[in-house]
Structure formats: structure tokens, C-alpha cells
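Here's a quick briefing to read with the sequence and the model side by side. Take a moment to look the fold over, then work through the points below.

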Amino acid sequence: MRVLNDYYCPSCRAVHEQFGLAGAKLAACVVCGTNAELIQAAPNFSLESVSGDFPTATQRWEQDYQRRAAKAREHGE
Ligand SMILES: [Zn+2]
């Protein structure tokens, strides 16, 4: 079964979506080509946000995501 997974690259901090096997832990980063890690189930990630345990990290992740998304759109033209 192939699903759309979200991957986060610890090297360049890019986030991308990629079709792959359900639960596939690694995928090549579309930006730098190193191993990007599967972002675990959305509910867990949301809980961290809501709990406020990692507000700064979460905010930074969101800012990075938005910046990367904007950059990707530029490059996509
Ligand atoms: Zn990367």
C-alpha cells in the first residue's frame, strides 16, 4: 500500500511529501539528497503543539516549513 508520507530532513531542515510504502522510515531528501526521516503520525505532532512542551521548536518548525514551501514554489516556476 502506497501512501503520501511527510519527511523531514535533519541536514537541511526541508520538509517534503513523497509517495511511499506506509511506514517507510526514510526517503531521500528532495533538496540535498541525504536521508529524510518520516514525520510520525500527525496526532502525536499536534499533541506536542497543544501541550506547549516544545513551543519554540514547534514554532520554528512551522516557520521553516512555510519558508521552505515558499522557496519550493519559487523554484517550481
Ligand atoms: Zn535535505
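How many bridges join β3 to β4? Three of them do, and the two strands run antiparallel. Keep in mind that this is a predicted model. The protein comes to two helices and four strands, and from the N terminus on the order is β-β-β-β-α-α.

**How confident is the model?**

- The mean pLDDT of the protein is 81, and 78% of the residues reach 70 or more.
- Confidence varies from element to element: strand β4, residues 35–38, has the highest mean pLDDT at 94, while helix α1, residues 42–51, has the lowest at 51.

**The sheet as a whole**

- The four strands form an open sheet, and reading across it you get the order β2-β1-β4-β3, with antiparallel pairing.
- At the edges sit β2 (15–21) and β3 (26–28), each of which pairs on one side only.
- From one strand to the next, the twist averages 45°.
- As general background, strands of a sheet pair through backbone hydrogen bonds, either parallel or antiparallel.

**β1 and β2**

- Seven bridges link β1 and β2 in the antiparallel sense.
- To find your way along this pair, start with R2, which stands opposite L21 in β2, then look for Y7, which stands opposite H16 in β2.
- The two strands form a hairpin with six residues between them.
- R13 is in that loop between β1 and β2, and its phi is near 65°, a positive value in a residue other than glycine.
- That's worth a second look, because most residues other than glycine have a negative phi.
- Is R13 buried, exposed or partly exposed? R13 has 17 C-beta neighbours inside 10 Å, so it counts as partly exposed.

**β1 and β4**

- Strand β1 (residues 2–8) also joins β4, through two bridges, and the pair runs antiparallel.
- Y7 stands opposite L38 in β4, while the bridge partner of Y8 in β4 is E37.

**β3 and β4**

- β3 and β4 form a hairpin with six residues between them.
- In the turn of this hairpin, G33 has a positive phi of about 85°.
- One pair to look for here is A28 and its bridge partner in β4, N35.

**Y7 up close**

- Y7 lies in strand β1, and it counts as buried because it has 22 C-beta neighbours inside 10 Å.
- Which residues does Y7 contact, once its neighbours within four places in sequence are left aside? The list is V15, H16, Q18, A27, A36, E37, L38 and I39.
- Take Q18 from that list: Y7 and Q18 are 11 residues apart along the chain, and their C-alpha atoms are separated by 7.5 Å.

**The core and overall burial**

- Which residues make up the largest nonpolar core? It has five: Y7, C9, A14, C29 and A36.
- C9 touches A14, C29 and A36, each of them a fellow member of that core.
- C9 also touches V31, C32 and T34, with residues up to four places away in sequence not counted.
- Across the protein, buried residues make up 6% of the 77 residues.
- Looking at contacts in the protein with a separation of 6 or more, 25% come from residues 24 or more positions apart.

**Just past the sheet: Q40**

- Q40 lies in the loop between β4 and α1.
- Why does Q40 count as exposed? It has 12 C-beta neighbours inside 10 Å, and a residue is exposed if that number is 12 or fewer.
- Q40 and K25 are 15 residues apart along the chain, and 9.0 Å separates their C-alpha atoms.

Methods:
Residues numbered from 1 in each chain as written. Predicted model: local features only at pLDDT ≥ 70, side-chain atom pairs only at ≥ 80, totals over all residues. pLDDT = per-residue confidence, 0-100. Pairing = 2+ DSSP bridges. Axes fitted to C-alpha atoms, helices over the stretch in contact; angles between N-to-C directions. Buried ≥ 20, exposed ≤ 12 C-beta atoms within 10 Å, placed from the backbone. Contact = placed C-beta atoms within 7 Å. Core = buried A, V, L, I, M, F, W, Y, C linked by C-beta atoms within 7 Å.
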